[in-house]
Amino acid sequence: MPMLKDPSVKYRPFPQINIPDRTWPSKIIDKAPRWLSTDLRDGNQSLIDPMGAEKKNRFFDLLLKVGLKEIEVGFPSAGATEYDFIRGLVDNGRVPDDVLIQVLTQAREDLIKTSFESLAGIHSAIVHVYNAVSPLWREVVFGMDQSQVRGIAEHAAKLLRDNAARFPQTKWQFEYSPETFSTAELDFSIECCEAVMNILQPTPENPIILNLPATVECATPNVYADQIEYFCRNLPNRESAVISLHTHNDRGTGVAAAELGLMAGADRVEGCLFGNGERTGNCCLVTVGMNLYTQGVDPQLDFSDIDEVIQTVEYCNQLPVHPRHPYGGELVFTAFSGSHQDAIKKGFAKQGERNDQLWAVPYLPIDPADLGRSYEAVIRVNSQSGKGGFAWVLEQDQGLKLPKRMQAHFSRHVQELADELGRELVAGDIWDVFQRAYHVNDPQHLQLIDFEEARANDGTRVFAGKIGVGGQVQSVSGRGNGLISSVVSTLAESFGVVLSVKDYSEHAMAAGSEARAAAYVECTGPDGQTIWGVGIDTDIATASVRAVLSAANALRLG
């Protein structure tokens, strides 16, 4: 069936929230929220092949390493795999004292009883119970009215209270979710939460967690923020509740909804690493955390080795992290466009010159090094790239800093190769074509074997050396005002190669006594054509001679 020409006959816009004095638009997030990873529950239940014990344990270790202090570890009443994994965490002492594990259960007596038993002996834990409250679920799924749905929540709260009393050695915390909050009447959600609080009697010192899920994302993120602000304003005994957000990504704005929800007064964010979850996924904890980081706020999560995090997540979920996923994707710090590459290259140069530590590089909102990424992948070359791209790659890979005009000269060689191959060029491709273009290390053409430089009585410089050509070594000499001019004179006299040097530059390729140097010469030939040469050696004088020979080879070979 094709898309409707008039979708209004089938769909209705989500109603706005009547809160004209809303305050969240002017708020900022200036501290990290409490975080809950639900990778081992929501994330796991969304997988084609759910994780077994080995993968769940590996994922749990990753979450601890990243710094998660609250982890929803499963649905213990779902089956033996879930129950045994949770019991293993408890029995083997795998849960650090400063970490709270959480289990999820529906509001049923047998399931709640099993959930508490799975945690028996733990130092502290959260038991999370939920029931759906929105009209669609009440009418279509359950066939219940509001009082019956509220009764489910109240009965579940009593079961939480009574089961906790069976295990007094554990410090219990409770979480209640009015599931489908995002599509429910706000006052009814508050009514259900208040009823649960009246039974569990939370205090500011021992608050209840009230999770307000966008079970299905049905409106723009500002509407969700309005819902959160309205709820926080009108909930009795607000100081005894931690307001938690559990956004989904049906409209592609799960992260934005979570951020606006925090601005609206929430305290906690639930989600998965890289946004795994049912349908389009849950809120991505990596993105929200790193968004805080780029605003100068410590997220209290450590993604210093983002590639290790990705490898573990991909292994456990058997799902790839998209190459364009914020912060973690393989290509998120990569520029192929010539203008982007040029701006980034200049930004890195300026960053190195400034004394200010504040990060300011075009197109890069964060320093890739903070996530354990090297700068080698920042600029990559294909047929869309400009001269700044391959120049950056040569500098990073070989230490060569080509003069601007030489970059333009070399760019046609790179472009021809990119068009020929029809793919991205890696550093090895660029280095190969560079060596061919400038006859670097080419034994078939003019190659320096050895040389000496001396000063004549008339003040001129004398170049005396041995140059190999096609496997034969020839002794040559010539005079000039300096080393380079004496080499040019030698080439003209011995090989009939006539060059005129227009410009010369050099630089060290690295620091230290064993560092190599690079020299570049821009020349003109007899017909006025521009010719470039490059030389590399541990001795700068030798590098200069090699550069002139490189240009001579280019002229000889046309």
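**Chat about a predicted model**

Q: How far apart are the mean positions of the positive and negative charges?
A: They sit 3 Å apart, taken over 50 positive and 72 negative charges of the protein. Keep in mind that this is a predicted model.

Q: Okay, what about overall dimensions? What box do the C-alpha atoms fill?
A: Roughly 110 × 60 × 45 Å, along the principal axes.

Q: And what's the radius of gyration, set against a compact globule of 558 residues?
A: The protein has 34 Å, while a compact globule of that length would have a value near 24 Å.

Q: How many helices and strands are there?
A: You get 17 helices and 14 strands.

Q: How much of the protein counts as buried?
A: 53% of the 558 residues do. On the outside, the protein exposes about 25500 Å², and carbon and sulfur atoms supply 49% of that area.

Q: What share of the contacts comes from residues 24 or more positions apart?
A: 66%, if you take the contacts with a separation of 6 or more.

Q: Switching topic: which residues does the UniProt domain annotation cover?
A: Residues 33–307, and the label in that unreviewed entry is "Pyruvate carboxyltransferase". In the model, that span is 44% helix and 19% strand, and its end C-alpha atoms lie 24 Å apart.

Q: I'm looking at backbone torsions now. What is phi of Arg-279?
A: Near 55°, so positive, in a residue other than glycine. Most residues other than glycine have a negative phi.

Q: Where is Arg-279 found?
A: In the loop that runs between strand 8 (268–271) and helix 10 (285–294).

Q: And His-439, what's phi there?
A: About 55°, again a positive value, and His-439 is not a glycine. His-439 lies in the loop between helix 15 (427–437) and strand 9 (447–455).

Q: Is that His-439 buried or exposed?
A: His-439 counts as buried, because its relative accessibility is 12% and the cut-off for buried is under 20%.

Q: Back to helix 10. Where does Asn-291 sit, and what does Asn-291 touch?
A: Asn-291 has its place in helix 10. Leaving out residues up to four places away in sequence, Asn-291 touches Val-255, Glu-259 and Tyr-327.

Q: How far is Asn-291 from Pro-365?
A: In sequence they're 74 residues apart, but C-alpha to C-alpha the separation in space is 9.5 Å.

Notes
Residues numbered from 1 in each chain as written. Predicted model: local features only at pLDDT ≥ 70, side-chain atom pairs only at ≥ 80, totals over all residues. Heavy atoms only, no water. Helix = DSSP H or I, 4+ residues; strand = E, 2+ residues; numbered from the N terminus. Rg over C-alpha atoms; globule rule 2.2 N^0.38 Å. Buried < 20%, exposed > 50% of the residue type's maximum accessible area, 1.4 Å probe, protein only. Contact = heavy atoms within 4.5 Å. Areas by Shrake-Rupley, 256 points an atom, 1.4 Å probe, with all protein chains shown as cover. Lys, Arg positive; Asp, Glu negative; His and termini not counted. Charge placed at Lys NZ, Arg CZ, Asp CG, Glu CD. UniProt positions renumbered as here; feature names shortened; annotations may be inferred.
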